[in-house]
Every structure is written in C-alpha cells, then in structure tokens.
Amino acid sequence: MTRIIYTNSDGGVSVVYPVSGTATASLAAKAVPSGTAYQIVEDGVIPTDDTFRDAWRRNGGAIEINLAAAKTVAHNAMRALALEAIRVSQEKTSLGETPTFTPTQISTALLAAKNAVTADTTDADIKVEMNNFLTTYAV
C-alpha cells in the first residue's frame, strides 16, 4: 500500500491514507494543499510508533523525528501530567487524605525529568525519560 506525505503548515508531516490503499497523483491533487510538495511512499515509510507524531519531519521520502520538537512534546506531556497530579495531591490533602506524592515532590521530579530530556540525544532516550515520569506520576 502507498501513502501520500507532505509538510503541513505547522512544519509537521501530514499523511494521507487512501481508502483504496493506493495513492495516486489525482488523489494528491485533491488532498494536498495547492502548491505543496508531496511524495507518494510505501506504507513502511510511516513510523509505527507515533509517540512523537508532532515531531515528525519530512526528509524527502522519509519521515524523521526532529529531536528539538520531540523534547518539546515530552516537556508538554510531562507538564500537563504534573499539573493534574498536583491538583489531585492538593485535593487529597484538603480532604484529609494522604497523597501518594506532594506537590513539591511532583514539581521537583518534573524539573529533573525535563532536565534529563533536555540532555537526551536520541528520541529513544527522550521516550524513556518521558514514560518514566508519566508512569510514576499518573493519576
């Protein structure tokens, strides 16, 4: 099967999945914004792990993960979870319950995780750091 890939207005990669399974130039003319370069690629070019989908960048007929964008994705995901975990911790405290983690512990762990992600040099390392934080502080 083939797909159509192109760089979207956000700089990421858009993927067109034809219903027939086969991408054609006539489908691209309908699906891809006018004047936008596209490529028809084999299905195997599309990454199967979409953890960093918002960090995908097109390099000719290949899709690569932009490390700076992957770090931003990880930072945002960890921050969103930390805010929720802090909210839950504060609610438990106000109800006289003992939270698993205090807001200070969560904030400290977030800072450490963000620093580790910033220092990472591969998307695999970024994913490990992010998943460790998300798994530990999930609410």
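User: Quick one on arginine 3: buried or exposed?
Analyst: Arginine 3 counts as buried, at 8% relative accessibility. Buried is under 20% relative accessible area, exposed is over 50%, and partly exposed lies in between (1.4 Å probe, protein chains only).

User: What kind of model is this, and what pLDDT do local features need?
Analyst: It is a predicted model: local features need pLDDT of at least 70, side-chain atom pairs count only at pLDDT 80 or more, and totals for chains, interfaces and linings use all residues. Numbering runs from 1 along each chain as its sequence is written, and side-chain values use heavy atoms, without hydrogens or water.

User: OK. What does the side chain of arginine 3 meet in a salt bridge?
Analyst: Aspartate 43, at 3.1 Å from N to O. A salt bridge here is a side-chain nitrogen of Lys or Arg within 4 Å of a carboxyl oxygen of Asp or Glu.

User: Where do arginine 3 and aspartate 43 lie?
Analyst: Arginine 3 is in strand 1, while aspartate 43 is in the loop between strand 3 and strand 4 (56-59), so the pair ties together parts 40 residues apart in sequence. Aspartate 43 is partly exposed, at 32% relative accessibility. Helices (H or I, at least four residues) and strands (E, at least two) are DSSP runs, numbered from the N terminus.

User: How many salt bridges in the whole structure?
Analyst: Four. One of them joins lysine 127 to aspartate 49, with the closest N and O atoms 2.4 Å apart. Lysine 127 sits in helix 4 (residues 123-137) and aspartate 49 in the loop between strand 3 and strand 4, so this pair links parts 78 residues apart in sequence. Lysine 127 is partly exposed at 27%, and aspartate 49 is partly exposed at 35%.

User: And arginine 87, what does that form a salt bridge with?
Analyst: Glutamate 84, with closest N and O atoms 2.3 Å apart. The two are three residues apart in helix 2, about one helical turn. Arginine 87 is partly exposed at 35%, and glutamate 84 is partly exposed at 31%. Salt bridges with shared partners join Glu84, Arg87 and Glu91 into one network.

User: Switching to the sheet. What is the strand order?
Analyst: It is an open sheet of three strands, order 2-1-3, with antiparallel pairing. Strand 2 (13-16) and strand 3 (38-42) are at the edges with a single partner strand each, so one side of each has no neighbour in the sheet. The twist averages 30 degrees from one strand to the next.

User: How many bridges between strand 1 and strand 3?
Analyst: Five, in the antiparallel sense, with strand 1 covering residues 2-7. Two strands pair if DSSP finds at least two bridges between them. Isoleucine 5 stands opposite glutamine 39 in strand 3.

User: Now helices. At what angle do the axes of helix 2 and helix 3 cross?
Analyst: Roughly 175 degrees, and the axes come within 9 Å. Axes are lines fitted to C-alpha atoms, for helices over the stretch in contact, and angles run from 0 to 180 degrees between N-to-C directions. Helix 2 and helix 3 are therefore roughly antiparallel, a label for angles over 145 degrees.

User: Which residues meet there?
Analyst: Helix 2 contributes residues including Lys71, Met78 and Ile86, and helix 3 residues including Ile106, Leu110 and Val117. Contact means heavy atoms within 4.5 Å.

User: What about lysine 71 and the nearest side chain of opposite charge?
Analyst: That is aspartate 120, 7.1 Å away; lysine 71 is buried yet has no salt bridge. For charge, Lys and Arg count as positive, Asp and Glu as negative; His and the chain ends are not counted.

Key
Parallel < 35°, antiparallel > 145°, perpendicular 65-115°, else oblique.
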